[in-house]
Amino acid sequence: MASPSAATVAAVTVLVFLVAGASGARLPGRGGAVRGPLPRGGAPATAVFALGSFWRSEAAFGCLPGVIRTSVGYAGGSKANPEYRNLADHAECVKVEYDPRLIHYKQLLEVFWKSHDPRDVFGQGPDVGNQYRSIIFTNGTIEARLAALTKEKEQAKDRSSVITTQIQPLGVFYPAEPEHQKFELKRKPFLLQLMGNLPEEELIASTLAAKLNAYAAELCPANTQKRISSKIDEIAKKGWPILREI
C-alpha cells in the first residue's frame, strides 16, 4: 500500500475542513473547535425517503448540516433481497443518517417535499414506474405525525390535485448495489481522486463523500457550491499530488 504524500494529505484535509465549514461546523480560528461525532454510545437518527430515482435523491440530502452519511436502497415492498433489475414492489429510496443535535427531522421533510413532485401519480418526470413512487418511511409515532402534518400543508397549497405521497412504517431497508451509491460523485473522478479513491464501503460511510456527492449534483447552496469550486481550483493550480493508490 502506497503512503500518501504530505501534499496529498493537505489537499484532502482542506476539503474536509471546507465541507465542515459549509455544513455549519465551527472551525479553529472561528471561535471554537470542529464539532466531533456523536457522543460515545450515541447513535445517529435515521430517516428513509422515496422520491423518484435514488441517484439524485441521495444528493439532495448530502449537503445538509448535521447529515452524517447517506446511502441508497430499496424498501416498501414484500420481495426479499430485491435487486435493481428485479425490484418487484419495492421503491428506490435514500437512507439519511443524521445528528439530531444539529438537524431536526422536520428539516429533512422540508427537503423531501422540495426535491420532487409529490403530485406525480406514477413516477417522477421521465422516470415512470412504481419504483419511483413517493413515500415517507417512518420510525415511530412522532415521525408519522410530523409526516402527516407536512403532507397536509403541502396539500393545502393546491387542492386541485392530490398529493400521492404514502406514509408508512419502515420495514426492511435493503442497500442497493455498490454502483448506485454516491452516483453523482462517481461521475466526477477527480473528486474521488482527491479523496484518495476510497474503497466502496468507506465511500458509503464517508460524511465528506455525502457532501461532495451533493456538490457534484450542484445541490449544495449556491455560496457553498462556489466555495468548494474555488478551493478545488486552488488545489489544481498548485499541482498538489493526488493519491491514486491505497
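This is a guided tour of one structure, to be followed in a viewer one selection at a time. Keep in mind throughout that the model is predicted.

**The sheet as a whole**

Begin by showing the strands alone, and you will find an open sheet of six strands in the order β7-β6-β1-β3-β2-β8, with mixed pairing. At the edges stand β7 and β8 (174-175), each with a single partner strand, so one side of each is left without a neighbour in the sheet.

**Strand β6 and its partners**

Now select residues 134-138, which form strand β6; five of its five residues are buried, so this strand is largely enclosed by the rest of the structure. If you turn the view to look at each face of β6, you will see that both are covered, with Ser134, Ile136 and Thr138 buried on one side and Ile135 and Phe137 buried on the other.

Add strand β1, residues 45-51, which pairs with β6 in the antiparallel sense over four bridges; to find one place where the two strands meet, pick Leu51, whose bridge partner in β6 is Ser134. Then add strand β7, residues 166-169, which runs parallel to β6 and is joined to it by four bridges. Here Phe137 is the residue to pick, and opposite it in β7 stands Gln168. To follow the chain from β6 to β7, select helix α4 (residues 141-156) as well, since the chain passes through this helix on the way, in a β-α-β crossover that is right-handed.

**Strand β2 and its partners**

Move next to β2, residues 67-75, in which eight of the nine residues are buried, so that this strand, too, is largely enclosed by the rest of the structure. Eight bridges join β2 to β3 in an antiparallel arrangement, and Ala75 stands opposite Ala91 of β3. With β8, β2 is again antiparallel, this time joined by two bridges. Two pairs are worth picking here: Tyr74 stands opposite Tyr174 in β8, while Gly73 has Pro175 of β8 as its bridge partner.

**The loop between β2 and β3**

Follow the chain out of β2 into the loop that leads to β3, and select Asn81, which lies there. Asn81 is exposed, with a relative accessible area of 57%, and it has a positive phi of about 50° although it is not a glycine. Most residues other than glycine have a negative phi.

Glu83 also has its place in the loop between β2 and β3, and this residue is partly exposed, with a relative accessible area of 48%. Which residue, 94 residues apart from Glu83 in sequence, should you select to see a C-alpha to C-alpha distance of 7.5 Å? The residue is Glu177.

For a second positive phi, go to Lys182, which has a value of about 50° and is not a glycine either. Lys182 lies in the loop between β8 and α5. Is Lys182 buried or exposed? Lys182 is buried, with a relative accessible area of 0%.

**The largest nonpolar core**

Show side chains now, and select Phe49, Phe61, Tyr105, Leu108 and Ile136, the residues with the most contacts inside the largest nonpolar core, which has 21 residues. The elements that give two or more residues to this core are β1, α2, β3 (91-98), α3 (105-114) and α4, and α3 gives the most, with six residues. In soluble globular proteins, nonpolar side chains tend to be buried together.

While you are at helix α3, select Val111, which lies in it and is buried, with a relative accessible area of 14%. Leu64 is 47 residues from Val111 along the chain, and their C-alpha atoms are separated by 9.3 Å.

**The second largest pocket**

Finish at the second largest pocket, which holds about 340 Å³ of space. To find it, select Ser53, Arg56, Ser57, Ser115 and Leu219, which are the closest to its centre among the 18 residues that line it. The lining divides into seven nonpolar, seven polar and four charged residues. Both α2 (54-62) and α5 (183-186) supply at least two residues of the lining, and α2 gives the most to it, with four residues.

Note on methods:
Residues numbered from 1 in each chain as written. Predicted model: local features only at pLDDT ≥ 70, side-chain atom pairs only at ≥ 80, totals over all residues. Heavy atoms only, no water. Buried < 20%, exposed > 50% of the residue type's maximum accessible area, 1.4 Å probe, protein only. Pairing = 2+ DSSP bridges. Right-handed = clockwise from strand over helix to strand, strands pointing away. 1 Å grid on protein atoms, 1.4 Å probe; cavity = no way out; pocket = protein on both sides within 12 Å on 5 of 7 lines; lining within 4 Å. Points joined across faces, edges and corners; volume = space filled by probe spheres on them. Nonpolar A, V, L, I, M, F, W, Y, C, P; charged D, E, K, R; others polar. Core = buried A, V, L, I, M, F, W, Y, C linked by side-chain atoms within 4.5 Å.
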